[in-house]
Structure formats: C-alpha cells, structure tokens
Amino acid sequence: MYIYNVTINIDESVHQEWLVWIKDHIPNVLATGNFLSAKLTAVLVEEEMGGATYSVQYTAKTREDLDAYYDNHADELRAASFKKFGDKMLAFRTELKVINEFFPTVINN
C-alpha cells in the first residue's frame, strides 16, 4: 500500500470556500480509480505564515496505481486547484510506503 499525502496551507480569506471545494475535489480524485480511499485531516499546528493547514491522505493499492494517477490525472487536478485558489493555497506532496500496520491486541490476564 502507498499513501499519497497532500499537505495544504490555505489562506484565511478563502478558508471556508476551500473547505466546500475540497469535499468535491476529493471524490474527483477517487473517481480516477487509482486510490482505494482518502482521509481529510486538520493539521494541529499553528503556522507562522498563518492560515489553516490540512492533510489529505489518499491510499493506493500499488505503486503502479500511484504512477498511473501521476501520468493521467495529477496535472489536470492540480491545475484546477491552482486556477481556483492561486497563491491563496500552498501545497506540498509526500509519498509514503506502508511497511506494516499494527493493531492493539487483547491481553487476557
């Protein structure tokens, strides 16, 4: 599994508009068929530059799925966000490979 993480800082002047927009944008990314799921989270830090910071984590089953997203959809979807919010939004992307997942176990005493 792979996680494609997009961290976004959004200017307060468009914050509410962006929250509405991102809830439509995420299903558009999922509609590419390259991801299994997505999670929208608020980043709980205060940025020196101000604004609000969020992380969207898209889960891809394979590296090939992630590469197919880059090859066929990423440029168009990124351009749509830039066209709408321009310099009011700063985003950076990180790729993560899941090595192992751990879950709590019940210990019987």
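These are my notebook entries on the two helices of this chain and on a few residues that I looked up one by one.

**Entry 1: the whole chain**

I began by noting that the model is predicted, and I kept that in mind for everything below. Counting the secondary structure of the protein chain, I found two helices and four strands. Reading from the N terminus, I wrote down their order as β-α-β-β-α-β. I then looked up the extent of the chain, and its C-alpha atoms fill a box of roughly 55 × 35 × 20 Å along the principal axes. Of the 109 residues in the chain, 34% are buried. I also looked at contacts between residues with a separation of 6 or more, and 77% of these come from residues 24 or more positions apart.

**Entry 2: how the two helices lie**

How do the axes of α1 and α2 cross? I found that helix α1, residues 15–30, and helix α2, residues 63–85, have axes that come within 12 Å and cross at roughly 165°. An angle over 145 degrees counts as roughly antiparallel, and α1 and α2 are therefore roughly antiparallel to each other. I recorded the crossing of these two helices as right-handed.

Next I listed the residues that meet: from α1 they are E17, W18, W21, H25, N28 and V29, and from α2 they are Y69, L77, S81, K84 and F85. Sorting the residues of this contact by kind, I noted six nonpolar, three polar and two charged.

**Entry 3: along helix α2**

I followed α2 and noted that the helix bends by about 60° at H73. Which residues of α2 are buried? I found L66, Y69, A74, L77, S81 and F85. I reminded myself that an α-helix has 3.6 residues a turn, so residues three or four places apart point the same way. The buried residues of α2 pack against α1 and also against three strands, β1 (2–10), β3 (52–60) and β4 (89–97). After the helix comes G86, and I noted that its phi is positive, near 50°.

**Entry 4: three residues of α2**

I picked A74, which lies in helix α2, and found a relative accessible area of 1%, so A74 is buried. Its C-alpha atom is 8.6 Å from that of V29, although A74 and V29 are 45 residues apart along the chain.

I then turned to F85, also placed in helix α2. Is F85 buried or exposed? With a relative accessible area of 4%, F85 is buried. Leaving aside neighbours within four places in sequence, I listed the contacts of F85 as I10, V14, E17, W18 and W21. For one of these, E17, I looked up the C-alpha separation from F85, which is 9.5 Å, while the two residues are 68 apart along the chain.

The third residue was E64, again in helix α2, where I found the opposite state: at 56% relative accessibility, E64 counts as exposed. Between E64 and R93 I noted 29 residues in sequence and 17 Å in space, C-alpha to C-alpha.

**Entry 5: a residue of a strand**

Last, I looked up Y58, which is found in strand β3. Y58 has a relative accessible area of 3%, and since buried means under 20%, Y58 is buried. Which residues does Y58 touch, if those up to four places away in sequence are not counted? I wrote down Y2, I3, Y4, V6, H25, I26, V29, L30, F35, S37 and A38. Among them are H25 and V29, which I had already listed as residues of α1 that take part in the meeting with α2. As a further check on distance, I looked up Y58 and S13, which are 45 residues apart along the chain and have C-alpha atoms separated by 26 Å. I set this beside the pair A74 and V29, also 45 residues apart along the chain, with C-alpha atoms separated by 8.6 Å.

Terms used
Residues are numbered from 1 along each chain as its sequence is written. This is a predicted model: local features need pLDDT of at least 70, side-chain atom pairs count only at pLDDT 80 or more; totals for chains, interfaces and linings use all residues. Side-chain values use heavy atoms; hydrogens and water are left out. Axes are lines fitted to C-alpha atoms, for helices over the stretch in contact, and angles run from 0 to 180 degrees between N-to-C directions. Angles under 35 degrees count as roughly parallel, over 145 as roughly antiparallel, 65 to 115 as roughly perpendicular and the rest as oblique. A crossing is left-handed if the near helix is turned anticlockwise from the far one by less than a right angle, and right-handed if clockwise. Contact means heavy atoms within 4.5 Å. Ala, Val, Leu, Ile, Met, Phe, Trp, Tyr, Cys and Pro count as nonpolar, Asp, Glu, Lys and Arg as charged, and the others, Gly among them, as polar. The bend at a residue is the angle between axes fitted to the seven residues ending there and the seven starting there. Buried means under 20% relative accessible area, exposed over 50%, partly exposed in between (1.4 Å probe, protein chains only).
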